[in-house]
Amino acid sequence: MSRYTREQMAARVARDIPEGAYVNLGIGLPTKVANYLPADKEIFLQSENGLLGMGPAPAAGEEDEDLINAGKQPVTLLTGGAYFHHADSFAMMRGGHLDICVLGAFQVSAEGDLANWHTGAPDAIPAVGGAMDLAIGAKQVFVMMEHQTKNGESKIVGQCSYPLTGIGCVNRIYTDLAVIDVTAQGLQVLEIVEGLSFDELQKLTGAPLLPAA
Amino acid sequence: MIDKTVESLEQAVAGIHDGATIMIGGFGNAGMPSALINALIAQGARDLTIVNNNAGNGETGLAALLKTGRVKKIICSFPRQTDSQIFDALYRAGKIELELTPQGNLAERIRAAGAGIGGFFSPTGYGTMLAEGKETRLIDGRHYVLESPIHADFALIKALRGDRWGNLVYRKTARNFGPIMAMAAKCTIAQVSEVVELGQLDPEVIVTPGIFVQRVVQAGVETNIQEAA
């Protein structure tokens with residue numbers, strides 16, 4: 001069975017981001033989306049630590065410890081970019097000013113509940129960061145994740161078993177097997193990786209799917 | 001003449017008492033007032049409650065303060081990182097209390113304290129374990145959680161430049177929590193790379209007006225200072 005690579009997933013998400021969008025890319029896999037945003041379109045990347053108009057990583061030797069992203073890695077500021085304090089940064093999220101955020105996930109439920117911050121393991125030290133604010137704040141929440149865990153369990157589930165990040169907040173799911181919208185009618189399949197049938201996809205998915213039109 | 005500048009880091013942290021709640025600026029190491037933290041370690045106050053986004057990185061700054069065992073509680077959003085080994089060990093040993101707060105709620109709780117707000121309803125965290133036990137309300141069809149302000153006795157923050165009235169400007173993403181923590185503490189102590197004369201900071205671009213700042217101390221000139229706006 002063929003699967004979308006992580007790079008292909010990132011490129012696929014990038015195709016759905018229009019010019020002029022204000023976008024927050026979560027830590028991890030979503031960060032890769034930045035590499036596929038078209039250079040000829042102006043898209044505004046926001047970073048939770050007070051940065052709008054975030055540019056790519058600096059050249060070696062040009063790093064500045066005062067200019068970092070949410071993952072605490074060195075970044076650059078595009079011409080026209082701006083700095084602001086933390087309360088303003090999260091007002092951009094909570095206030096519904098961001099058009100799109102792209103997040104990783106442990107699980108997404110059939111109704112768009114998101115679990116992406118805590119495995120619930122009793123010995124785990126919890127850390128939430130901006131995940132809950134992003135999940136409920138952006139106009140559209142995209143999730144990027146592998147379709148299944150390493151043990152072959154579906155990460156799309158009827159009900160999340162991991163602690164929730166937000167309720168009913170996910171709009172679209174990009175996995176290595178499919179692109180799926182969360183709708184009032186259910187999980188609507190938009191695309192399936194080449195060579196995989198809808199029925200095969202359904203067997204690998206822990207919640208009912210609606211076939212592509 | 002009003003002059004909020006102090007000569008030494010020792011003077012800057014004078015009077016920080018045992019049991020104090022202290023906000024410490026910074027997001028990771030960006031904006032962390034390391035000189036003030038080191039001065040606080042030397043000063044010796046204990047049984048502290050610390051408010052910061054993280055819980056220390058590596059062995060320096062906030063991590064070094066935690067290592068002294070003088071912090072009884074930390075309020076933060078993201079304690080667990082690849083280099084948070086000092087916090088991790090204290091937490092697993094039950095030697096530090098953790099109040100975990102979503103980052104935006106943390107920022108708004110700090111801002112609310114500084115703005116005189118007694119509490120606010122936030123949609124963040126509704127239905128999650130971080131909202132358990134909190135009052136909720138349905139407003140115009142959306143669920144919210146009642147969040148309380150976080151007040152502090154002291155705030156230790158880092159800025160790029162300050163003047164003797166306490167006006168501050170910051171540098172790039174080192175600004176982060178500085179402006180709101182300055183508002184939320186009874187006594188805000190700013191570590192600046194450069195103290196400038198009154199009038200040298202453009203009033204149109206002052207980020208923290210001096211009313212929010214009680215002490216200013218110069219602590220080392222940063223290497224990148226020339227290119228900063």
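This is a short tour of a predicted model with two chains, A and B, in contact.

Let's start with how far to trust the picture. The predictor gives the complex an ipTM of 0.95 and a pTM of 0.95. Chain B has a mean pLDDT of 95, with 96% of its residues at 70 or more. There is one stretch to treat with care: over residues 222-229 of chain B, pLDDT stays under 50, and the model has six contacts there beyond four places in sequence. Where pLDDT is low, the predicted coordinates should not be read in detail.

Now for the place where the chains meet. Chain A puts 30 residues into the contact, and chain B puts in 37 residues. On the side of chain A that touches chain B, the elements giving two or more residues are helix H2 (86-94) and helix H3 (131-137) of chain A. H2(A) supplies the largest share of that side, five residues. By character, this side of chain A splits into 16 nonpolar, seven polar and seven charged residues.

Helices H2 and H3 of chain A turn up again when you look at helix H5 of chain B, which covers residues 103-115. Is H5(B) mostly covered or mostly open? It is mostly covered, with 12 of its 13 residues buried. The buried ones include Leu106(B), Ile110(B) and Ala113(B), but also Glu108(B), Arg109(B) and Arg111(B). What covers them includes H2 and H3 of chain A, along with strand S2 (21-24), S6, S8 and helix H6 (178-184) of chain B.

The length of H5(B) checks out too: at 1.5 Å a residue, its 13 residues should span 18 Å, and its end C-alpha atoms are indeed 18 Å apart. Just past the end of H5(B), Gly116(B) takes a positive phi of about 75°.

H5(B) lies across S6 and S8 of chain B, running at about 165° to S6(B). Those two strands belong to an open sheet of three strands in chain B, ordered S6-S8-S7 with antiparallel pairing. Strand S6 (120-122) and strand S7 (136-139) of chain B sit at the edges with a single partner strand each, so one side of each has no neighbour in the sheet. From one strand to the next, the twist averages 45°. S6(B) is joined to strand S8 (residues 142-147) of chain B by three bridges, and Ser122(B) stands opposite Val145(B) in S8(B).

Chain A has an open sheet of three strands as well, in the order S7-S6-S9, but with mixed pairing. Its edge strands are strand S7 (114-115) and strand S9 (156-157) of chain A, each pairing on one side only. Ser109(A) stands opposite Val157(A) in S9(A).

Here are two strand pairs, one from each chain.

| Strand pair | Direction | Bridges |
|---|---|---|
| S6(B) and S8(B) | antiparallel | three bridges |
| S6(A) and S9(A) | parallel | two bridges |

One more stop is Lys73(B), found in strand S4 (residues 71-76) of chain B. Why does Lys73(B) count as partly exposed? Because it has 14 C-beta neighbours inside 10 Å, while a residue needs 20 or more to be buried and 12 or fewer to be exposed. Leaving out residues up to four places away in sequence, Lys73(B) touches Thr49(B), Ile96(B), Glu97(B) and Glu99(B). Its C-alpha atom is 9.2 Å from that of Thr21(B), although the two residues are 52 residues apart along the chain.

Methods: Residues are numbered from 1 along each chain as its sequence is written. Chains are lettered from A and ligands numbered from 1 in the order in which they are written. This is a predicted model: local features need pLDDT of at least 70, side-chain atom pairs count only at pLDDT 80 or more; totals for chains, interfaces and linings use all residues. Two strands pair if DSSP finds at least two bridges between them. Helices (H or I, at least four residues) and strands (E, at least two) are DSSP runs, numbered from the N terminus. Axes are lines fitted to C-alpha atoms, for helices over the stretch in contact, and angles run from 0 to 180 degrees between N-to-C directions. Two residues are in contact if their C-beta atoms, placed from the backbone, lie within 7 Å. Ala, Val, Leu, Ile, Met, Phe, Trp, Tyr, Cys and Pro count as nonpolar, Asp, Glu, Lys and Arg as charged, and the others, Gly among them, as polar. The expected span of a helix is 1.5 Å times one less than its number of residues. pLDDT is the predictor's confidence in each residue, from 0 to 100.
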